[in-house]
Amino acid sequence: SSAATTEPAPNNDKNNGNNRHDKSNGLINVLITLMIVLTALLAALAALLLRRKLIIDSLHRRMNGSDLNKSAIEAYRYAQKLNKYLDAGILSEVTAKFSSQGIDRDELQIIRNYCDYAVNCLEENSSGARNLFYKYIVCIY
């Protein structure tokens with residue numbers, strides 16, 4: 001009689017355990033990666049918001065300082081920056097106020113009012129995505 005050679009059957013329980021272990025490790029790795037990406041996105045968002053706050057606060061401090069001439073220079077620079085995105089010329093009245101020898105509070109207020117007007121025009125005439133770009137990337141308002 002011939003002896004039948006049989007190969008031992010693979011241990012299915014052991015293979016199933018390894019497959020489950022591999023799947024759980026893969027899931028854990030995916031979750032860890034997602035958490036790292038989420039943390040990085042939140043950190044970037046926080047940095048963006050903090051950057052905007054610092055820039056806007058600094059701008060307001062410079063525009064509202066005790067030295068009227070320095071405040072006027074900052075307000076005029078801000079008006080120029082706004083106009084770059086507004087695609088309009090700075091009002092001649094604003095330029096005339098800036099070009100004078102000295103400046104008083106009323107003249108400085110004219111420049112500030114123009115800046116407020118330019119910001120309102122940008123906000124009203126820009127799309128939502130463009131407003132976000134102006135507000136958080138360029139930090140002009």
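# Exercises on a predicted five-helix chain

Leu122 is placed in helix α4. The model is predicted, and the exercises below treat its helices, core, salt bridges and surface.

## Exercise 1. The environment of Leu122

State whether Leu122 is buried or exposed, and list what it touches.

*Solution.*

Step 1. The relative accessible area of Leu122 is 2%. A residue counts as buried under 20%, so Leu122 is buried.

Step 2. Residues up to four places away in sequence are set aside; the contacts of Leu122 are then Leu82, Tyr85, Leu86, Asn131, Tyr134, Ile140 and Tyr141.

Step 3. One of these partners, Ile140, is 18 residues away along the chain, and the C-alpha atoms of Leu122 and Ile140 are 9.8 Å apart.

Step 4. Ile140 can be examined in the same manner. Apart from neighbours within four places in sequence, Ile140 has contacts with Ile56, Tyr78, Lys81, Leu82, Tyr85, Val119, Leu122 and Tyr134.

## Exercise 2. The largest nonpolar core

Determine how many residues the largest nonpolar core has, and which of them have the most contacts inside it.

*Solution.*

Step 1. The largest nonpolar core has 24 residues.

Step 2. Those with the most contacts inside this core are Tyr78, Leu82, Leu122, Ile140 and Tyr141.

Step 3. Two or more residues of the core come from each of the elements α1, α2 (68-86), α4 (105-125) and α5 (128-138).

## Exercise 3. The two sides of helix α5

Identify which residues of α5 are buried, and which exposed residues are carried by the face turned away from them.

*Solution.*

Step 1. The buried residues in α5 are Asn131, Tyr134 and Val138.

Step 2. Viewed down the axis of α5, its buried residues lie within an arc of 105°, and therefore they line one face of the helix.

Step 3. The cover over the buried residues of α5 includes α2 and α4.

Step 4. On the face of α5 turned away from its buried side are the exposed residues Gly128, Ala129 and Leu132.

Step 5. After α5 comes Cys139, which has a positive phi near 60°.

## Exercise 4. The salt bridges

Find how many salt bridges the whole structure has, and establish which residues are joined into one network by shared partners.

*Solution.*

Step 1. A search of the whole structure gives three salt bridges. The general principle is that side chains of opposite charge can pair when their charged atoms come close.

Step 2. Lys53 pairs with Asp57, and their closest N and O atoms are 2.7 Å apart. These residues are four apart in helix α1, so about one helical turn separates them. In general, residues three or four places apart in an α-helix point the same way, because the helix has 3.6 residues a turn. Lys53 is partly exposed at 48% relative accessibility, and Asp57 is partly exposed at 31%.

Step 3. Arg62 and Glu74 form a salt bridge, with 2.9 Å from N to O. This pair links distant parts of the chain: Arg62 lies in helix α1 and Glu74 in helix α2, twelve residues apart. Arg62 is partly exposed, with a relative accessible area of 38%, whereas Glu74 is buried, at 13%.

Step 4. Glu74 also forms a salt bridge with Arg77, again with 2.9 Å from N to O. Both residues lie in helix α2, three residues apart, or about one turn of the helix. Arg77 is partly exposed, at 48% relative accessibility.

Step 5. Through shared partners, the salt bridges join Arg62, Glu74 and Arg77 into one network.

## Exercise 5. A nonpolar patch on the surface

State which residues form a nonpolar patch on the surface, and explain why Leu42 counts as exposed.

*Solution.*

Step 1. The patch is formed by Met35, Leu38, Leu42, Leu45 and Leu49, which together have about 480 Å² of accessible area.

Step 2. Leu42 belongs to helix α1, which covers residues 12-63.

Step 3. The relative accessibility of Leu42 is 52%. The cut-off for exposed is over 50%, so Leu42 counts as exposed.

## Exercise 6. The chain as a whole

Describe the elements of the chain, and state what percentage of its residues count as buried.

*Solution.*

Step 1. The chain has five helices and zero strands; from the N terminus on, the order is α-α-α-α-α.

Step 2. The chain has 141 residues, of which 25% count as buried.

Step 3. Among contacts in the chain with a separation of 6 or more, 57% are between residues 24 or more positions apart.

Step 4. The chain exposes about 10200 Å², and 57% of this area is supplied by carbon and sulfur atoms.

Methods:
Residues are numbered from 1 along each chain as its sequence is written. This is a predicted model: local features need pLDDT of at least 70, side-chain atom pairs count only at pLDDT 80 or more; totals for chains, interfaces and linings use all residues. Side-chain values use heavy atoms; hydrogens and water are left out. Patches are made of residues with over 30% relative accessible area and no salt bridge: like charges are joined within 9 Å, nonpolar side chains (Val, Leu, Ile, Met, Phe, Trp, Tyr) within 5 Å. Accessible areas come from the Shrake-Rupley method with a 1.4 Å probe; for residues, only the protein chains shown count as cover. A salt bridge is a side-chain nitrogen of Lys or Arg within 4 Å of a carboxyl oxygen of Asp or Glu. Buried means under 20% relative accessible area, exposed over 50%, partly exposed in between (1.4 Å probe, protein chains only). A nonpolar core is a set of buried Ala, Val, Leu, Ile, Met, Phe, Trp, Tyr and Cys residues joined through side-chain atoms within 4.5 Å. Contact means heavy atoms within 4.5 Å. The arc is that of the directions from the helix axis to the C-beta atoms.
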